[in-house]
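User: Could you walk me through how the labels on this model were earned? I would like the value and the criterion side by side.

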Amino acid sequence: GVWEAVAPIPTARYGAGAAVVDGKIYVAGGTRSGDEPPLATVEVYDPTTNTWAPAPSMSTPRRFFGLAALGGKLYAAGGVSGADELTLAEVFDPQTQVWAPIAPMGTARSRVTLTAVRSKLYAAGGETPDVTATVEAYDPQHDRWEAVASLNQGRSTHAVAAI
């Protein structure tokens with residue numbers, strides 16, 4: 001395979017989250033630089049047209065948070081807003097174009113991963129502000145987080161993938 005350039009994202013950001021829903025890539029939050037406050041804005045890339053478009057902003061500006069897709073919806077959890085780690089979580093429905101709050105995580109954490117596995121989301125590791133090994137599972141059918149088995153060691157600013 002060969003890498004090829006695509007349309008550049010309109011807003012430069014780091015500490016953002018990215019996830020795919022219905023074949024489109026959503027990039028949310030982050031910050032433009034370490035000195036600037038976090039963003040709530042969301043941009044969506046359509047690979048069939050090679051274009052970016054704005055999407056509705058999250059309710060809370062955040063960076064270094066978990067973003068994952070599950071059941072055709074986009075979920076954001078944790079992160080940093082200002083100097084504080086967040087327990088806040090929300091869900092975006094591309095059909096209605098609305099972000100809505102969901103139950104907060106039990107532990108405020110930033111630099112966390114959020115990964116969909118079967119019918120649940122898993123928030124793993126991160127900073128609380130200390131690096132943590134704890135993991136929480138979110139059940140969207142019951143709008144509830146629960147502690148599950150921890151990682152073998154604390155991890156921060158890491159990546160997780162599931163198949």
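Analyst: Happy to. Two strands count as paired if DSSP finds at least two bridges between them. Please keep in mind that this is a predicted model.

User: What makes β5 and β6 a pair?

Analyst: Five bridges join β5 (residues 66-70) to β6, and the two run antiparallel. The criterion asks for at least two bridges, so β5 and β6 count as paired. As one example of the register, A69 stands opposite L74 in β6.

User: What do β5 and β6 form, and what is special about the phi of G71 in the turn?

Analyst: β5 and β6 form a hairpin, with two residues between the strands. G71, in the turn, has a positive phi of about 60°.

User: How do you know that β6 also pairs with β9?

Analyst: Four bridges link β6 and β9 (residues 89-93) in the antiparallel sense. With at least two required, that pair qualifies as well, therefore β6 is paired with β9. Here A76 stands opposite E90 in β9.

User: Why is β6 described as largely enclosed?

Analyst: Buried means under 20% relative accessible area. Four of the five residues of β6 (residues 73-77) are buried, so the strand is largely enclosed by the rest of the structure.

User: Which residues have the most contacts inside the largest nonpolar core?

Analyst: Y75, L114, L121 and W145 have the most contacts within this core of 15 residues. β5, β6, β9 and β12 (120-124) each supply at least two of its residues. A second, separate core has 14 residues, including A28, L74, F92 and W99. In soluble globular proteins, nonpolar side chains tend to be buried together.

User: What does W145 touch?

Analyst: Not counting residues up to four places away in sequence, W145 touches A77, A89, A103, P104, M105, L114, L121, A123, E136, A137 and Y138.

User: Why is T60 called buried?

Analyst: T60 has a relative accessible area of 15%. The cut-off is under 20%, so T60 is buried. This residue lies in the loop between β4 (51-55) and β5. Beyond residues up to four places away in sequence, T60 touches A40, S81, L86, L88 and E90.

User: And how do you know whether L39 is buried or exposed?

Analyst: By the same kind of check: L39 has 11% relative accessibility, which is under 20%, so L39 counts as buried. L39 is found in the loop between β2 (24-28) and β3 (42-46). Leaving aside neighbours within four places in sequence, its contacts include T11, R13, G29 and M58. The C-alpha atoms of L39 and M58 are separated by 8.7 Å, with the two residues 19 apart along the chain.

User: What makes β11 and β14 edge strands?

Analyst: The open sheet of four strands has the order β11-β12-β13-β14, with antiparallel pairing. β11 (113-117) and β14 (144-148) each have a single partner strand, so one side of each is left without a neighbour in the sheet. The twist averages 25° from one strand to the next. For β11, the partner is β12, joined by five bridges, and T115 has Y122 as its bridge partner in β12.

User: Which strand gives the most to the lining of the largest pocket?

Analyst: β11 does, with three residues. β1 (17-21), β5 and β11 each supply at least two lining residues. The lining has 17 residues, of which A16, F65, V112, T113 and H158 lie nearest the centre of the pocket. About 210 Å³ of space lies in this pocket.

Methods
Residues numbered from 1 in each chain as written. Predicted model: local features only at pLDDT ≥ 70, side-chain atom pairs only at ≥ 80, totals over all residues. Heavy atoms only, no water. Buried < 20%, exposed > 50% of the residue type's maximum accessible area, 1.4 Å probe, protein only. Core = buried A, V, L, I, M, F, W, Y, C linked by side-chain atoms within 4.5 Å. Contact = heavy atoms within 4.5 Å. Axes fitted to C-alpha atoms, helices over the stretch in contact; angles between N-to-C directions. 1 Å grid on protein atoms, 1.4 Å probe; cavity = no way out; pocket = protein on both sides within 12 Å on 5 of 7 lines; lining within 4 Å. Points joined across faces, edges and corners; volume = space filled by probe spheres on them.
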